[in-house]
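Here's a quick tour to read with the model open in your viewer. We'll go through charges, greasy surface, and a few spots in the fold.

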Amino acid sequence: MSADYPVVASPTGPLAGAQPPRTAPWAPEPPDDNAEGPPQVARILGAIVRYKWLTIGLAILGGIFGAIATRFVEPTYEARAKVWIMSARPTGGPTPTGPIRAEELLPQTSWAELFQSFAIMDSVVAKRGLAATPEDPKDRPAFVRFGTSERPVVAQYSLRIDERGQRYTLSRKTDGAVVDTGAVGDSIGRPVGFRWAPSARQLVPGRTYNFSVVTPRDASTALLAKLQPPPQLALNSNFMNITLVDTDPVEASATLNTWLTEFDSTALRLKRRNVSEYSKLLEEQRQYAMKGLRDAELRLEGFRTRTITMPSEATIITPGLQETRDPVFRAYFDKKMESSDLKQHAEALARALRAGPAAPEAISAIPGLLTQPGAKDLAMMFDDLATRQKELRDAQ
């Protein structure tokens with residue numbers, strides 16, 4: 001039996017007969033003022049000590065669930081690379097001066113697109129054998145040189161090596177039908193479009209290799225999806241960052257190295273081809289210019305021979321007659337030079353037409369032809385032809 005005693009408050013404190021209020025048995029203990037650290041930390045430590053068995057049990061249970069979860073979550077790895085793209089015109093710098101050089105092969109932003117092109121990725125897939133995916137990643141060395149035709153039979157296969165390591169049996173995993181048999185070391189899977197001949201050292205006797213096969217283009221698309229994020233050049237930067245994500249760290253680094261090697265060789269081949277084409281174009285222009293120079297020298301020599309007896313400005317003039325004779329001589333020589341130019345242009349055009357279809361370079365090499373008032377349309381047509389030829393070379 002319990003009784004409640006009233007408590008009367010006073011300015012100085014509770015009365016002597018008053019009793020403190022009761023606290024519930026589940027209420028937490030007030031923090032100790034002498035405890036180390038802030039009151040909140042002391043309260044947490046006190047709760048952990050009070051429920052230590054519950055805390056230990058939850059920690060053990062969380063560790064067990066974490067260990068189980070790691071068996072279902074497959075880790076991923078990143079292989080990273082940084083490629084420097086050299087430009088003929090430095091960023092923010094002046095226009096380069098120097099000898100004649102070929103135009104830049106690609107804009108800076110297009111190198112990332114070349115890196116992701118199927119022309120390069122298909123080669124990487126062929127060199128790394130990515131058209132076949134073994135169930136066990138440890139079997140990847142046996143599929144490094146795996147290749148296929150353009151249209152292989154897409155399915156899941158099982159390759160069985162006998163106990164002596166001398167014979168193999170290739171069968172479809174879905175229905176167990178045997179598609180190929182033979183001696184170890186020979187080509188495997190020709191009836192289904194494989195181009196694969198692993199050596200006897202790569203195949204373990206008594207081992208069964210389970211793998212799936214896709215088309216080379218599907219393998220290239222899957223490889224492209226592993227680039228996260230897609231490579232691109234940052235603004236005002238010549239560096240292209242590449243990140244390849246895969247579940248096998250060794251395979252990721254090997255594939256990225258092969259990709260970079262193929263990209264470098266392809267870019268080098270394209271640059272050499274561009275320089276070679278530009279060199280051929282300059283050589284053709286040099287040949288036309290050299291031929292035009294020789295023709296001009298011959299015409300100059302003939303002109304000097306024909307006009308050696310004609311009056312010239314060096315002729316001695318009687319004093320007092322300069323004003324009356326200079327306009328005559330000037331008009332004579334102007335008309336003579338105009339007539340000679342027209343005759344030379346006609347002869348040069350006739351020679352070019354007799355030699356066959358006249359090339360634009362041969363007609364453009366005729367001195368002063370395109371500067372004539374009646375040749376403006378022809379000059380515009382040649383400029384348009386040169387522009388379209390350059391666009392054709394760029395497209396090729």
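Before we start, one cut-off to keep in mind: a residue is called buried when its relative accessible area is under 20%, exposed when that value is over 50%, and partly exposed in between. Take Glu78: its relative accessible area is 47%, so this residue counts as partly exposed. Keep in mind, too, that this is a predicted model. There are 13 salt bridges in the structure, and a few of them are picked out below.

**Salt bridges, pair by pair**

- Glu78 pairs up with Arg80 in a salt bridge, and their closest N and O atoms sit 2.6 Å apart.
- The two partners fall into separate accessibility classes: Arg80 is exposed because its relative accessibility is 64%, while Glu78, at 47%, is partly exposed.
- Another salt bridge brings together the side chains of Asp122 and Arg217, at 2.9 Å from N to O.
- That pair ties together parts that are 95 residues apart in sequence, because Arg217 is in helix H5 (residues 216-225) and Asp122 is in helix H4 (residues 118-128).
- On the accessibility side, Arg217 comes out at 41% and is therefore partly exposed; Asp122 has 25% and is also partly exposed.
- Glu283 and Arg286 make a salt bridge as well, again with a 2.9 Å distance from N to O.
- What separates Glu283 and Arg286 within helix H6? They are 3 residues apart there, so about one helical turn lies between them.
- Glu283 has a relative accessible area of 36%, so it is partly exposed, and Arg286, with 42%, is partly exposed too.

**A small charged network**

- Which residues are linked in a network of salt bridges? Asp136, Asp139 and Arg207 are.
- Asp139 sits in the loop that runs between strand S2 (132-134) and strand S3 (147-148).
- Is Asp139 buried or exposed? With a relative accessible area of 6%, it is buried, because the cut-off for that class is under 20%.
- The side chains of Asp139 and Arg207 are also joined by a polar contact of 2.9 Å.

**Surface patches**

- Positive charge gathers in a surface patch made of Lys291, Arg294, Arg351 and Arg354.
- Two helices feed this positive patch: H6 (249-306) and H7 (322-354) each provide at least two of its residues.
- Arg354 belongs to helix H7, and its relative accessibility of 65% is why it counts as exposed.
- There's a nonpolar patch on the surface too, with an area of about 820 Å².
- Trp53, Ile56, Ile60, Ile64, Ile68, Phe72 and Val73 make up that nonpolar patch.
- Ile64, one of those residues, is found in helix H2 (residues 52-70); its relative accessible area is 47%, so it is partly exposed.

**Spots where the chain comes back on itself**

- Gly182 is part of strand S6 (residues 178-183) and counts as buried because its relative accessibility is 10%.
- How many residues separate Gly182 and Thr169 in sequence? The answer is 13, and their C-alpha atoms are 7.0 Å apart in space.
- Arg217, the helix H5 residue from the salt-bridge section, has a C-alpha 8.6 Å from that of Ala131.
- In sequence, Arg217 and Ala131 are 86 residues apart.

**A cis peptide bond**

- Most peptide bonds are trans.
- The bond joining Gln228 and Pro229 is cis, with omega at about -10 degrees.
- To find it in the viewer, look for Pro229 in the loop between H5 and strand S9 (232-233).

Notes. Residues are numbered from 1 along each chain as its sequence is written. This is a predicted model: local features need pLDDT of at least 70, side-chain atom pairs count only at pLDDT 80 or more; totals for chains, interfaces and linings use all residues. Side-chain values use heavy atoms; hydrogens and water are left out. Patches are made of residues with over 30% relative accessible area and no salt bridge: like charges are joined within 9 Å, nonpolar side chains (Val, Leu, Ile, Met, Phe, Trp, Tyr) within 5 Å. Accessible areas come from the Shrake-Rupley method with a 1.4 Å probe; for residues, only the protein chains shown count as cover. A salt bridge is a side-chain nitrogen of Lys or Arg within 4 Å of a carboxyl oxygen of Asp or Glu. Lys and Arg count as positive and Asp and Glu as negative; His and the chain ends are not counted. The place of a charge is taken as NZ of Lys, CZ of Arg, CG of Asp or CD of Glu. Helices (H or I, at least four residues) and strands (E, at least two) are DSSP runs, numbered from the N terminus. Buried means under 20% relative accessible area, exposed over 50%, partly exposed in between (1.4 Å probe, protein chains only). A polar contact is a pair of N or O atoms within 3.5 Å; within protein, one must be able to donate a hydrogen and the other to accept it, and residues adjacent in sequence count only if both atoms are side-chain atoms.
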